[in-house]
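Biologist: I have the sequence and the model open side by side. Can you walk me through it?
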Amino acid sequence: RRDDGNARVVPGDGRDLWPQAQQHFDALAAYVDLDRSTWRARAGRQWIASTLGVFNFDGVGVRVQPARQITVDLYGGGSLVEGLNRTLGAEALSPVEDLPPSDRAYLVGGVVELRPMSGAALAVQYQREIRRDRGGLYSERIGATGDMRVGRATISAIASRDMATGQFNELMAAYHSAFTSFFDATIRARHYVPYFDLWTIW
């Protein structure tokens with residue numbers, strides 16, 4: 001079991017000026033989990049950090065390890081706005097968004113991690129946010145990361161793609177090498193385009 005909260009107090013006469021000033025407590029994470037050697041199940045308010053960003057939701061996450069080199073994470077539930085801990089469509093978005101989402105959303109996704117050999121790893125993630133009425137999508141994205149160690153060098157790559165718009169939001173390749181015990185260097189090439197959910201005006 002884990003519980004993380006956030007408390008706020010607005011002194012003076014400014015409590016009507018700030019969003020959520022009347023909300024004195026937020027549950028950032030509150031879940032129970034069952035952890036075994038080859039699988040784990042977690043239910044409640046939780047968040048995940050991944051190639052696609054940080055997402056919090058109220059739901060269920062399951063991790064299984066069918067083989068030593070393979071790990072699969074599946075998750076889903078009611079999507080929450082990052083940093084706000086409110087559902088999409090909540091009234092708290094109205095003061096800060098000109099066109100807030102019209103309905104709540106369900107978040108579903110999964111991550112497959114492969115470790116084919118020592119010093120090499122690959123992870124692929126797929127995620128989408130579906131409107132509660134199933135009338136459309138708020139987002140659909142895919143991302144991948146890879147790392148490989150070759151001697152003293154490490155080669156890394158990251159890619160994320162917005163499936164709804166067909167645009168790559170991030171492409172990155174990096175080469176890192178330790179030349180001596182006190183000197184190393186990194187060469188990095190990156191392409192980046194900001195990502196926005198489909199319900200935003202951008």
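Biologist: Which salt bridge does R115 make with its side chain?
Modeller: The side chain of R115 pairs with that of E113, at 3.7 Å from N to O. Keep in mind that this is a predicted model.

Biologist: Is R115 buried or partly exposed?
Modeller: R115 counts as partly exposed because its relative accessibility is 29%, between the cut-offs of 20% and 50%. E113 is partly exposed too, with a relative accessible area of 27%.

Biologist: How many salt bridges are there by this rule?
Modeller: Six. Side chains of opposite charge can pair when their charged atoms come close.

Biologist: What is the N to O distance between R45 and D58?
Modeller: It is 2.7 Å, and the two side chains form a salt bridge. That pair links distant parts of the chain, since R45 sits in strand β3 and D58 in strand β4, 13 residues apart.

Biologist: And R45, buried or exposed?
Modeller: R45 counts as buried because its relative accessibility, 18%, is under 20%. Its partner D58 is partly exposed, at 32%.

Biologist: What about R42, which side chain does it meet?
Modeller: R42 meets D33 in a salt bridge, 3.4 Å from N to O. R42 is buried, with a relative accessible area of 16%, whereas D33 is partly exposed at 31%.

Biologist: Changing topic. How many helices and strands does the protein have?
Modeller: Zero helices and eleven strands. From the N terminus on, the elements run β-β-β-β-β-β-β-β-β-β-β.

Biologist: What share of the residues is buried?
Modeller: Of the 202 residues, 32% count as buried.

Biologist: Now the surface. Which residues form the nonpolar patch?
Modeller: V112, L114, L122, V124, Y126, I142 and M163 form it, with about 500 Å² of accessible area together.

Biologist: Which strand gives the most to that patch?
Modeller: β7 does, with three residues. Strands β6 (105-117) and β7 (120-131) each supply at least two residues.

Biologist: Where is M163 found?
Modeller: M163 is in the loop between β9 (153-162) and β10 (167-180). M163 is partly exposed, at 39% relative accessible area, so it passes the 30% accessibility cut-off for patches.

Biologist: Pockets next. How much space lies in the second largest one?
Modeller: About 350 Å³. The second largest pocket is lined by 23 residues.

Biologist: Which of the lining residues lie nearest the centre of that pocket?
Modeller: I48, R63, D73, Y75 and V111.

Biologist: And which strand brings the largest share of the lining?
Modeller: β3, with seven residues. The strands that each supply at least two lining residues are β3 (39-50), β4 (53-67), β5 (70-80), β6, β7 and β8 (137-150).

Biologist: Last thing, confidence. What is the mean pLDDT of the protein?
Modeller: The mean is 83, and 77% of the residues reach 70 or more.

Biologist: Which element has the lowest mean pLDDT?
Modeller: Strand β1 (residues 2-7), with a mean of 53, while β9 has the highest, at 96. Where pLDDT is low, the predicted coordinates should not be read in detail.

Definitions and conventions. Residues numbered from 1 in each chain as written. Predicted model: local features only at pLDDT ≥ 70, side-chain atom pairs only at ≥ 80, totals over all residues. Heavy atoms only, no water. Patch = residues over 30% accessible without salt bridge, like charges linked within 9 Å, V, L, I, M, F, W, Y side chains within 5 Å. Areas by Shrake-Rupley, 256 points an atom, 1.4 Å probe, with all protein chains shown as cover. Salt bridge = Lys/Arg side-chain N within 4 Å of Asp/Glu carboxyl O. Helix = DSSP H or I, 4+ residues; strand = E, 2+ residues; numbered from the N terminus. Buried < 20%, exposed > 50% of the residue type's maximum accessible area, 1.4 Å probe, protein only. pLDDT = per-residue confidence, 0-100. 1 Å grid on protein atoms, 1.4 Å probe; cavity = no way out; pocket = protein on both sides within 12 Å on 5 of 7 lines; lining within 4 Å. Points joined across faces, edges and corners; volume = space filled by probe spheres on them.
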